[in-house]
Amino acid sequence: MSGSWTEAMRAGDFERAWAINDRDLAMLAYPPKHTGPRHLQRIWRGEELRGRDVLVRCYHGLGDTIQFLRFMRPLRDVARRVTVWCQGELLPLVERAAGVDRAFALHDGAPEVDFEVDIEIMEVPHAIRARREQVEMRAPYLSLPTKVEPALPQDRGLELRGLAVGLVWEVGNWDKRRTVPPSLLGHLAVPGVTLCSLQRGARTCELAEIGARDVSTPDVTVLGHLLQRLDLVICVDTMVAHLAAALGCEAWVLLHADCDWRWPASEAHSLWYPSLRLFHQRTPGNWDSVLEEVREALIARSASLQGVVRKELKRAQGPP
């Protein structure tokens, strides 16, 4: 995408962003559909969606699917039926999402469902000419199926002091600039906070270095319930940020200097997710100042919580 498209998206000028998409759609010579790496494929070629049986293909990351699920309801307002072919890990969430008539697990072959027109999920807002009010998240748009409650430290007979904070510091191979060295997260071990690692595959030495207890899980539904039980999540730009925000959970997201188009370049808040607070690198590769800012914010948050607890205790005790 061109820089002007990125600027339009960051500014919330979606009409301009879709106009740029229209121009690209008219000018580019596309290869046949469904050839080449899936994440590079352009699926929608301007076909009419109104009154049609639409197949939505989820060819990008888990976080992308979660973020763009908000557009299934407005898509369903014009389509006759919406079928979502999504990553298997997300199936329990997708099939409950508003606007989704059917959901099936993605695989390497062709979809085994009938449809009249197909589209990649990240193409949907352009195709429906999404307006700002359809982009802005005004309430949580994901819900979780009932599952056994995930374990937190207090469930295992361990002391859980003050704020329970979940941590994610590593990402996949897509953009390693997003990764924060685990050694820096030890600075977040402040009084009144219990650090809980949500990082899958974290090594014992990393957990010890950070001072975090492992509560990670490969099950996205269990992870969602876990996020709802934590007081706060501090994470890098990865699926967990999108899942927490789509559920309405509070999360602080650590962003590298050249962050993705979906985040503002410097602001602390995003119109996509009101429950997120963003912390930006000011110098490429330098996470030290970011973690110092987060540490100060965490200390303030913990102190505020302790003040509220003291007031509640005093109120419960009654007048002297």
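Reader: Before we get going, what does buried mean here?
Author: Buried means under 20% relative accessible area. Keep in mind that this is a predicted model.

Reader: OK, so is Phe71 buried or exposed?
Author: Phe71 has a relative accessible area of 0%, so it counts as buried.

Reader: And which aromatic pairs is the chain making, or at least how many?
Author: The count comes to 10 aromatic pairs. One of them is Phe71 with Trp272, an edge-to-face pair with 6.2 Å centre to centre and 85° between the planes.

Reader: Where do those two sit in the chain?
Author: Phe71 is in the loop between H3 and H4, while Trp272 is in the loop between strand E9 (251-255) and strand E10 (276-280). They are 201 residues apart, so the pair links distant parts of the chain.

Reader: Trp272, then: buried or exposed?
Author: Buried, because its relative accessible area is 4%. Trp272 also forms an edge-to-face pair with Trp261, at 6.2 Å centre to centre and 70° between the planes.

Reader: What parts does that second pair tie together?
Author: Trp261 and Trp272 both lie in the loop between E9 and E10, so the pair ties together parts that are 11 residues apart in sequence. Trp261 is buried as well, with a relative accessible area of 15%.

Reader: Which residues do the ring pairs link into a cluster?
Author: Trp5, Phe68, Phe71, Trp261 and Trp272.

Reader: Switching topic. Which charged ends sit over rings?
Author: The charged end of Arg70 is over the ring of Tyr273, 4.9 Å from its centre. Arg277 has its charged end over the ring of Trp252, 5.3 Å from the centre.

Reader: Now pockets. What's the volume of the largest one?
Author: About 1500 Å³. It is lined by 50 residues, and the closest to its centre are His60, Gly61, Asp64, Met122 and Arg262.

Reader: Which helix gives the largest share of that lining?
Author: H3, with four residues. Other helices that each supply at least two residues include H1 (3-11), H2 (14-27) and H10 (220-229).

Reader: What's the lining like by class?
Author: The largest pocket has 23 nonpolar, 14 polar and 13 charged residues in its lining.

Reader: And how much space is in the second largest pocket?
Author: About 230 Å³. Of its 14 lining residues, Arg70, Arg73, Pro74, Gln134 and Tyr141 are the closest to the centre. Helix H4 (72-78) and helix H7 (132-135) are the elements giving two or more residues to that lining.

Reader: Class breakdown for that one, what is it?
Author: Seven nonpolar, one polar and six charged residues line the second largest pocket.

Technical notes: Residues numbered from 1 in each chain as written. Predicted model: local features only at pLDDT ≥ 70, side-chain atom pairs only at ≥ 80, totals over all residues. Heavy atoms only, no water. 1 Å grid on protein atoms, 1.4 Å probe; cavity = no way out; pocket = protein on both sides within 12 Å on 5 of 7 lines; lining within 4 Å. Points joined across faces, edges and corners; volume = space filled by probe spheres on them. Nonpolar A, V, L, I, M, F, W, Y, C, P; charged D, E, K, R; others polar. Phe/Tyr/Trp six-rings, centres within 6.5 Å; stacked < 30°, edge-to-face > 60°. Buried < 20%, exposed > 50% of the residue type's maximum accessible area, 1.4 Å probe, protein only. Lys NZ or Arg CZ within 6 Å of the ring centre and 35° of its normal.
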